Amino acid sequence: MKPIYITRRETFNAAHKLWREEWSPEKNYEVFGKCSNNNWHGHNFQLFVTVKGIPNEETGFVINLKTLSKILKEKVIEEIDHKNLNLDVPFLKGIMASTENIAIAIWDLIEEDVRQNGGELAHIRIIETENNFVDYYGGKEPF
Ligand code: NI
């Protein structure tokens, strides 16, 4: 059997601010634009988590999507949905709350749980806005 990829989508909305204390307000605005807004701003994020594996002989599943959804809800969504990513989220503490960094942090948070349920985490995509999204493959080349 050859590996196949399955994906679960979850959504969350959250606030953040991209800001470096050691920079002037002008430089922060120059680099981060609207994302440096002093009183925060929010996004409706979409999270896509893709798992690679061989379909199980009995179920035909790479990983039960109900199980994957449960992992994502418990480990990720409950922690970040309707939260301030800079202030409220333990797993993002001390990390610049860019979409890139959020994707990397989520990977580290769920990789082991996915493995324990029979799959291999292959890809995380986070869509931040209609025009901007991030792809992370755990630091590996995608294909
Ligand atoms: Ni933003």
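I will go through the overall fold of this chain, then its nickel site, then its nonpolar core, and finally one arginine on strand 1.

Please keep in mind throughout that what we are looking at is a predicted model. The chain has 143 residues, of which 40% are buried, and its secondary structure consists of three helices and five strands. Starting at the N terminus, these elements follow one another in the order β-α-β-α-β-α-β-β. Along the principal axes, the C-alpha atoms occupy a box of roughly 60 × 30 × 25 Å. The exposed surface of the chain comes to about 8,800 Å², with 48% of that supplied by carbon and sulfur atoms. If we take the contacts with a separation of 6 or more, then 67% of them are between residues 24 or more positions apart.

Let me turn to the metal. Which residues hold the nickel ion as protein donors? They are His16, His41 and His43, each through NE2, together with Cys35 through SG, and the distances to the ion run from 2.1 to 2.4 Å. Written along the sequence, the spacing of these donor residues is H-x18-C-x5-H-x1-H. The angles among the four donor atoms range from 91 to 136°, and the site is classed as irregular; the reason lies in the upper end of that range, because four donors count as tetrahedral if all angles lie between 85 and 135 degrees.

Among these donors, histidine 43 deserves a closer look. Histidine 43 belongs to strand 2, and its relative accessible area is 11%, so it counts as buried; cysteine 35 is buried as well. The side chain of histidine 43 makes a polar contact of 3.3 Å with the side chain of histidine 16, and another, of 3.4 Å, with the side chain of glutamate 128. Leaving aside residues up to four places away in sequence, histidine 43 touches Phe12, Asn13, Ala14, His16, Cys35, Glu128 and Thr129, a list that includes two of the other nickel donors, His16 and Cys35.

Now to the interior. In soluble globular proteins, nonpolar side chains tend to be buried together. In this model the largest nonpolar core has 32 residues, and the members that touch the most other members are Leu47, Leu85, Ile106, Ile110 and Ile124. At least two core residues come from each of strand 1 (4–16), strand 2 (41–53), helix 2 (65–80), helix 3 (99–116), strand 4 (120–127) and strand 5 (133–136), and helix 3 gives the largest share, with seven residues. As an illustration of how one core member is surrounded, isoleucine 124 touches Leu47, Phe48, Val49, Ala103, Ile106, Trp107, Ile110, Val134, Asp135 and Tyr136, again without counting residues up to four places away in sequence.

I will finish with arginine 8, which lies in strand 1. Is arginine 8 buried, partly exposed or exposed? Its relative accessibility is 27%, so it counts as partly exposed. Arginine 8 and leucine 47 are separated by 39 residues in sequence, while their C-alpha atoms are 8.2 Å apart in space. Beyond residues up to four places away in sequence, arginine 8 touches Leu47, Phe48, Val49, Leu65, Leu68, Ser69, Leu72 and Lys73. In addition, the side chain of arginine 8 makes a polar contact, at 2.8 Å, with the side chain of glutamate 10.

Technical notes. Residues are numbered from 1 along each chain as its sequence is written. This is a predicted model: local features need pLDDT of at least 70, side-chain atom pairs count only at pLDDT 80 or more; totals for chains, interfaces and linings use all residues. Side-chain values use heavy atoms; hydrogens and water are left out. Donors are N, O and S atoms within 2.8 Å of the metal (3.2 Å for Na, K and Ca); water is not among the atoms, so sites may look incomplete. Four donors count as tetrahedral if all angles lie between 85 and 135 degrees; four count as square planar and six as octahedral if opposite donors are over 155 degrees apart and all others between 65 and 115; anything else is irregular. Buried means under 20% relative accessible area, exposed over 50%, partly exposed in between (1.4 Å probe, protein chains only). A nonpolar core is a set of buried Ala, Val, Leu, Ile, Met, Phe, Trp, Tyr and Cys residues joined through side-chain atoms within 4.5 Å. Helices (H or I, at least four residues) and strands (E, at least two) are DSSP runs, numbered from the N terminus. Contact means heavy atoms within 4.5 Å. A polar contact is a pair of N or O atoms within 3.5 Å; within protein, one must be able to donate a hydrogen and the other to accept it, and residues adjacent in sequence count only if both atoms are side-chain atoms. Accessible areas come from the Shrake-Rupley method with a 1.4 Å probe; for residues, only the protein chains shown count as cover.
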